[in-house]
Amino acid sequence: MSSSNSETKSAGQIANVMNETRVFPPSGEFSAKAVIGSMQAYQTLYAESIADPVAFWERQAHEHLHWFEPFHTGLEWNEPFAKWFVGGKTNVSYNCLDAHVVAGRGDRVAFHWEGEPGDKRTITYAELLADVSKFASALKKLGIQKGDRVSIYMPMVPELPVAMLACARIGAIHSVIFGGFSAEAIADRNDDAQAKLIITADGGWRRGKVLPLKQTVDEALQKSPSIQHCIVLKRTENDVTMKPGRDLWWHELVADAPTHFPAEPLDSEDSLFILYTSGSTGRPKGIRHTTAGYNLYAKRTFQWVFDYREEDIFWCTADCGWITGHSYIVYGPLAAGATQVLYEGAPNAPAEDRFWDIIERYRVTILYTAPTAIRTFIKWGDHHVEKHDLSSLRLLGSVGEGINPEAWMWYYEKIGGGRCPIVDTWWQTETGGIMMSPLPGAIPCKPGSCTMPMPGIIPRIVHADLSDVGTNEGGMLCIEKPWPGMLRGIWGNDDRYRDGYYGKVPHMYLTGDNARRDEDGYYWIMGRIDDVINVSGHRLSTIEIESALVSHPSVAEAAAVGRPDELKGQGIAVFVTLKNHNPSDNMRDELKKHVRKEIGALAVPDEVRFTTALPKTRSGKIMRRLLRDIAAGKESGQDTSTLEDFSVLARLRSDEES
Ligand code: WTA
């Protein structure tokens, strides 16, 4: 596609104003041991994968999954509906557990778990298999059938992955609801999925306090007519009310359950889980993933991106309630037979060095966390890090938002000691697994870039008029062909799936993000399409303005949004959190000057507001759409069910621009 109308093209184009030139190649030592150890090796693999993606994935599926019955067709594509590995029968919990035990690796540690109060458990693959078998048999006994939906609302204890895997073992579809969500949000999700069962705990530990999970579930169940039973795990021993006939204790259910309970052979396309994610408007959508394709994609991307080796100790700090926890705590690492750290609580309990303490004690080699956490650590100060020996680390990862180059540098130097590559992984709940990321032994890192696509993934960037962008021009990021990990739809709403992901750009998956590709073929995510700021016809991406602000030594975090401006169409408003929370008199002007120097006059904010915290989703993403309303002086009518801390919003509204 090419545009003959250059005027439309320049008007629709997103300006690239970021000028990051630092490049960090992996050390020779790192590359020498890596699974994929050179750019050439990556390019060969990639070229092979896109020459015939279906044949490529068929081969991967044969080699990396256990099949009770082989599949006969690699892909059936009836746009926008994909079926991978058709006719095959497998089981995700078999691939994650039995496969290792059968291979004589049952004594390998699956999880080093640590509760927030400091209690510890070490669980081998054989033990995990026994726990999952018991719970799967208990679910079956309770009448849970293949295809039934099961909500899970639990703290980060080993029983959370056990519950997920037990569902997978019998073909029940789990819907994990993050333990910070309200009763209202739980009821909505129970209702949308028509869940029959909910699994919870008496409580979970968070910053020294007990989160009363069961109590919240009780409230939700008043509005969840589809739920027949509630299983309750004893974790915190606080008082809970058990409703006779409906509520059952986990420990009683598994007391006499058999430790051998065979995994049911399931169809490749049987649903594995639903995971609700907030759309920019309207009700949360239940993203649906299925069995074989998802499991394969999570496993292989885990092995490629994290360069996983036998001796590694992997720690992903996400909660299992997010896609990151599904794919890179449960289904990817376990399918690969990895040893992991699992931690229940907050990063500042009991003190702000808890993460570094954990890394030191377990000799963690690979850390996977989010930019919001990294920016928080920067704010808390380097002294917390410097107290600990982090020399076991060899690789770092980032996910969830763009990482500002200055935060990247801090992560690289302070946490990685200048020796660990950083895999900045771009992907979505919908994509099932990582879509773009450095392969750490092969692709040199550039701070702020997710670098290059995974094998089999073909990104394409187009203007609003659907013409292809040129080098360094921003546009809508799409994916050309189906891949095994892709969502299979939105639960109960095929139209919303088709319109949202395959409606606007013909024959391609629309990611909803903007991106550009630089002269070296590196991809740079520029933020959500809806967040673009249009100043006098120049379309600016939020991340670039924010990264310029974060590169100022006093700034901890920043969010940039557009606000109505009669002259320019949109002006720029920025919300800034300072490291010391104490703006000097001329800080506003200083920041404006700083942006002018870093980017240019075009991007200078019209309004700078200081705030002690930014509104974020519970998974830690900055909620720019709420800030947009505040900057425009409007009350927000938007869905705030995923907002982490309502008080932040109230504070922002009342903060004067003085
Ligand atoms: C954003 C999280 C820049 C992006 C796995 C995407 C990122 C959305 C990155 C999906 C990254 C995630 N760089 N942006 N490395 N990772 N995003 O569904 O806007 O919670 O579309 O999945 O987060 O968020 P989700």
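Reader: Which residue of strand 24 stands opposite Cys478?

Author: Cys478 faces Leu510 in strand 24. This is a predicted model, in which local features need pLDDT of at least 70 and side-chain atom pairs count only at pLDDT 80 or more, while totals for chains, interfaces and linings use all residues. Residues are numbered from 1 along each chain as its sequence is written, and side-chain values use heavy atoms, with hydrogens and water left out.

Reader: What makes strand 22 and strand 24 a pair?

Author: Strands pair if DSSP finds at least two bridges between them. Strand 22 (residues 475–479) and strand 24 (residues 509–517) are joined by 4 bridges, so they qualify as a pair. The two run antiparallel. A strand is itself a DSSP run (E, at least two residues), as a helix is (H or I, at least four), both numbered from the N terminus.

Reader: Why is one side of strand 21 and of strand 25 left without a neighbour in the sheet?

Author: The open sheet has 4 strands in the order 21-22-24-25, with antiparallel pairing. Strand 21 (459–462) and strand 25 (523–528) stand at its edges; each has a single partner strand, so one side of each lacks a neighbour in the sheet. From one strand to the next the twist averages 45°.

Reader: How is the angle between helix 18 and strand 25 defined?

Author: Axes are lines fitted to C-alpha atoms, for helices over the stretch in contact (heavy atoms within 4.5 Å). Angles are taken between N-to-C directions and run from 0 to 180 degrees. Helix 18 (residues 542–550) lies across strand 24 and strand 25, and runs at about 100° to strand 25.

Reader: What makes the approach of the ligand to Asp424 a polar contact?

Author: A polar contact is a pair of N or O atoms within 3.5 Å; within protein, one must be able to donate a hydrogen and the other to accept it, and residues adjacent in sequence count only if both atoms are side-chain atoms. A nitrogen atom of the ligand is 2.7 Å from an N or O atom in the side chain of Asp424, and the pair therefore meets the cut-off. An oxygen atom of the ligand is 2.6 Å from an N or O atom in the side chain of Thr429.

Reader: How much of the ligand does the protein bury?

Author: The protein buries 89% of the 530 Å² that the ligand exposes when taken alone. Such areas come from the Shrake-Rupley method with a 1.4 Å probe; for residues, only the protein chains shown count as cover.
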